[in-house]
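Subject: Handover of a structural model

Dear colleague,

Please find below the structure that I am handing over to you. I should be grateful if you would read the notes beneath it with the structure open.

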Amino acid sequence: MATGRLFREIQLPEQKSYDDGIIFPLVLSPNTAQVKLCAFKEAIRDHKPWLESLLQKNGAILFRDFPVISPSDFNDVVEAFGFPESLYVGGRASRTKVIGRIYTANECPPEMRIPFHHEMTYVPDCPSKLFFFCEEEPGSGGETPIVLSHIIYEKMKETHPDFVSRLEEHGVTYIMMMSNEDHPSSFTGTSWKSAYMTDDKKVAQQRAAKLGTKLEWTENAVKTITGPLPAIRFDKGSERKTWFNNLTGPVNGEDKIYDKDIFIELGNGEVVPDEAMRDCLRILEEECVSIPWKNGDIMLVNNLMVLHSRMPLLKPPRRILASLCK
C-alpha cells in the first residue's frame with residue numbers, strides 16, 4: 001500500500017479485515033526510526049486529504065510509534081489536522097481541560113466499564129471525529145474497544161427486524177437526571193452546570209433548547225429530555241445505515257448498562273425490549289476490536305461510523321486524553 005514518504009501501514013493481530021477492503025482499524029507507523037514531531041506534523045498537513053480518505057474508508061486510524069509524548073505534543077498533532085474544534089456543551093461525562101483543545105477522557109472510576117456509544121448522539125451537531133491519546137499506557141486492561149456501526153445495524157436488522165423497523169420509524173428519547181454537582185463516580189455524572197457551562201438556570205435552559213433538550217427543574221436536580229432523535233443514521237460518506245444511538249445493552253432491569261438516573265425509550269414512548277438489547281450487547285462484543293494501548297498512541301475515530309467504549313482498568317496506571325472535532 002502506498003502510504004506517503006513518512007507513513008507505512010503495519011498489521012496488528014487484533015485488527016479485523018472485511019470483504020469490502022476495510023481494515024479496522026488501519027494502523028500507521030513512521031517509515032524511519034528517528035522521526036521528529038515536527039516531521040510528523042508536516043506529514044499530516046501534506047497528506048491530510050489522503051489521511052481523511054483512509055479514515056472515511058476504514059473508520060479509524062491508529063498512529064503508533066510516532067514521537068508524541070506530552071499533552072502539548074498531542075495538541076500540536078490535533079492542530080496539524082486542522083479540523084474545527086467541537087465544544088462539549090451538553091456533554092454527559094466529567095472531563096477536565098488539560099491544554100489547548102485537549103481534555104481528559106471520561107473521569108469515572110477506571111475500574112468501571114463504559115458502554116459502547118457514538119459520542120454525543122443526543123445533540124444535533126455531534127462531533128464527527130474523535131482523537132484519543134495514550135499518555136500513560138495501562139498495566140493491564142483499560143482498552144478502548146471500537147466497532148463499525150454499520151455492522152451492528154446490519155446484524156441487529158437480521159436478528160430483530162421488527163424492533164429495528166420501529167427504531168427507524170420512531171427514533172429514541174433520552175431522559176436523564178442531572179444534579180447540581182458533578183459526580184465522577186458515574187460515567188455520565190456531569191452536573192447541569194458543567195454540561196451547559198453556566199450556573200444560571202435561564203442560560204442553561206437556553207443552551208439546552210438550542211441542543212433540542214427540554215429541562216424540567218426540581219429542587220436539587222434537573223430532568224433532561226432529549227428527542228425523539230433518529231436512532232438509525234444514513235452515513236453519506238460510506239453510504240451505509242449506522243446504529244447511531246446509545247442503545248448498546250439492556251436499559252431496564254437488573255442488567256441495565258446505565259445507572260438509575262438514565263432512561264432510554266422509543267420516540268413513541270414504547271419500552272425498549274431487553275431481549276433485543278442483550279443480543280445487541282453480544283453482537284458488539286463479537287464484532288469489536290480491542291487493541292492494548294501503548295505510550296504515544298493516537299487513535300483518530302470517525303464518530304459517524306464507529307462506536308467506542310472503555311474496558312475496566314485491571315492494573316494502573318492509565319491516562320488517556322481526548323479531543324473532539326467537527
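The notes below describe the sheets, the helix packing and some points of local backbone geometry.

This is a predicted model, in which local features need pLDDT of at least 70 and side-chain atom pairs count only at pLDDT 80 or more, while totals for chains, interfaces and linings use all residues. Residues are numbered from 1 along each chain as its sequence is written, and side-chain values use heavy atoms, with hydrogens and water left out.

The eight-stranded sheet

Eight strands make up an open sheet of mixed pairing, ordered β1-β4-β5-β18-β9-β21-β7-β6. Strands (E, at least two residues) and helices (H or I, at least four) are DSSP runs, numbered from the N terminus, and two strands pair if DSSP finds at least two bridges between them. The edges are occupied by β1 (7–10) and β6 (97–99); each has a single partner strand, so one side of each is left without a neighbour in the sheet. From one strand to the next, the twist averages 30°. Axes here are lines fitted to C-alpha atoms, for helices over the stretch in contact, and angles run from 0 to 180 degrees between N-to-C directions.

At one edge, β1 runs antiparallel to β4 (residues 26–30), and four bridges join the two. Within this pair, E9 has L28 in β4 as its bridge partner.

Two helices pack on this sheet, where contact means heavy atoms within 4.5 Å. Helix α2 (residues 48–58) touches β1, β4, β5 (60–63), β9 (129–136) and β18 (298–302), and its direction makes about 125° with that of β5. Helix α3 (residues 71–81) touches β5, β6, β7 (102–104), β9, β18 and β21 (319–325); the direction of α3 makes about 160° with that of β9.

Helix α3 also meets helix α1 (residues 37–46): their axes come within 8 Å and cross at roughly 20°. That angle makes α1 roughly parallel to α3 (angles under 35 degrees count as roughly parallel, over 145 as roughly antiparallel, 65 to 115 as roughly perpendicular and the rest as oblique). The contact brings L37, F40, K41, I44 and R45 of α1 against D73, D76, V77, A80 and F81 of α3. By class, it has six nonpolar, no polar and four charged residues; Ala, Val, Leu, Ile, Met, Phe, Trp, Tyr, Cys and Pro count as nonpolar, Asp, Glu, Lys and Arg as charged, and the others, Gly among them, as polar.

The three-stranded sheet and helix α4

A further open sheet has three strands in the order β8-β19-β11, with antiparallel pairing. Here β8 (114–117) and β11 (146–148) stand at the edges with a single partner strand each, so one side of each is left without a neighbour in the sheet. Neighbouring strands of this sheet are turned by 15° against each other on average, direction ignored. Two bridges link β8 to β19 (residues 306–310) in the antiparallel sense, and H117 stands opposite H308 in β19.

Helix α4 (residues 149–159) lies across β11 and β19, at about 60° to β11. The axes of α4 and helix α8 (residues 274–287) come within 10 Å and cross at roughly 140°; the two helices are therefore oblique to each other. On the α4 side the contact is made by I151, I152, K155, M156 and T159, and on the α8 side by A276, M277, D279, C280, I283, L284 and E287. These divide into eight nonpolar, one polar and three charged residues.

Helix α4 packs with helix α5 (residues 161–170) as well, at an angle of about 125° and with the axes 5 Å apart. This pair is therefore also oblique. Y153, M156, K157, E158 and T159 of α4 meet P161, F163, V164 and E168 of α5, a contact with five nonpolar, one polar and three charged residues.

Local backbone geometry

Most residues other than glycine have a negative phi, and most peptide bonds are trans. The following sites may merit your attention when you inspect the model.

- The peptide bond from G227 to P228 is cis, with omega near 5°; P228 is found in strand β14 (residues 221–229).
- P316 and P317 are joined by a cis peptide bond with omega of about 5°, and P317 lies in the loop between β20 (313–315) and β21.
- D65, in the loop between β5 and α3, has a positive phi near 75°.
- G212, which follows helix α7 (residues 201–210), has a positive phi near 80°.

With kind regards

Methods:
Polar contact = N/O pair within 3.5 Å; in protein donor to acceptor, adjacent residues only side chain to side chain.
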